[in-house]
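Subject: Structure for you to look at

Hello,

Here is the structure I said I would pass on. Please open it before you read the rest of this email.

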Amino acid sequence: MDKSWLQQQVLERLAADLLQVEQAVSVAHEAATHEENIAENKYDTLGLEAAYLATGQARRAEAIREALVQWRLFRPQPYSASQGIQLGALVCLLGADEKQQQIFLGPEGGNMKLLIGAETIQVINSQAPLGKALLGKAEGDEVTLEVAQVEQQLEVLSVT
């Protein structure tokens with residue numbers, strides 16, 4: 001699978017998310033400043049709640065903008081067995097349940113699932129627990145990951 005194409009899919013998803021969040025910011029800001037939401041007493045907090053919501057949405061929009069910058073600058077490199085799995089690796093893992101999963105290791109802010117035909121590719125960053133566990137591993141290595149106090153064993157089937 002072409003990693004540049006995967007990167008483009010992540011960028012498109014982030015751009016769509018940003019548009020959605022910016023619309024939510026606008027709606028929340030309008031609600032916060034609308035004259036009907038001016039507090040009439042200390043218990044009337046609709047305007048204040050909308051302002052908090054607008055602030056949170058604005059922070060989310062900024063985080064997506066930062067992720068877009070990182071993903072635009074990102075240049076996935078081919079896999080090098082001497083270095084092991086690094087940022088930009090497309091990894092196929094096999095779980096104890098014999099299910100395979102595809103992982104694309106990218107920069108911050110791109111944590112999402114991409115549906116490519118019938119295949120799902122999980123996009124994670126190197127700060128995620130699985131991302132940290134994968135760094136430096138090679139084909140054939142096993143990765144141990146603890147999720148909700150349950151230890152999972154994964155085998156690295158392939159890396160590109």
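Below is what was found in it, strands before cores.

This is a predicted model, in which local features need pLDDT of at least 70 and side-chain atom pairs count only at pLDDT 80 or more, while totals for chains, interfaces and linings use all residues. Residues are numbered from 1 along each chain as its sequence is written, and side-chain values use heavy atoms, with hydrogens and water left out.

Helices (H or I, at least four residues) and strands (E, at least two) are DSSP runs, numbered from the N terminus. Two strands pair if DSSP finds at least two bridges between them.

Strand S4 (residues 119-125) runs parallel to strand S2 (residues 100-106), and 5 bridges join them. Ile-103 has Gln-122 in S4 as its bridge partner. S4 also pairs with strand S3 (residues 112-116), in the antiparallel sense and over 5 bridges. There, Met-112 stands opposite Val-123 in S4. S3 and S4 form a hairpin with 2 residues between them, and Gly-117 in the turn has a positive phi of about 65°.

A nonpolar core is a set of buried Ala, Val, Leu, Ile, Met, Phe, Trp, Tyr and Cys residues joined through side-chain atoms within 4.5 Å. Buried means under 20% relative accessible area (1.4 Å probe, protein chains only). The largest such core has 19 residues, and those with the most contacts (heavy atoms within 4.5 Å) inside it include Leu-6, Trp-71 and Leu-114. Helix H1 (3-33), helix H2 (46-73), S3 and S4 each give two or more residues to this core. H1 supplies the largest share, 6 residues. A second, separate core of 16 residues includes Val-91 and Leu-154.

Regards

Conventions:
Buried means under 20% relative accessible area, exposed over 50%, partly exposed in between (1.4 Å probe, protein chains only).
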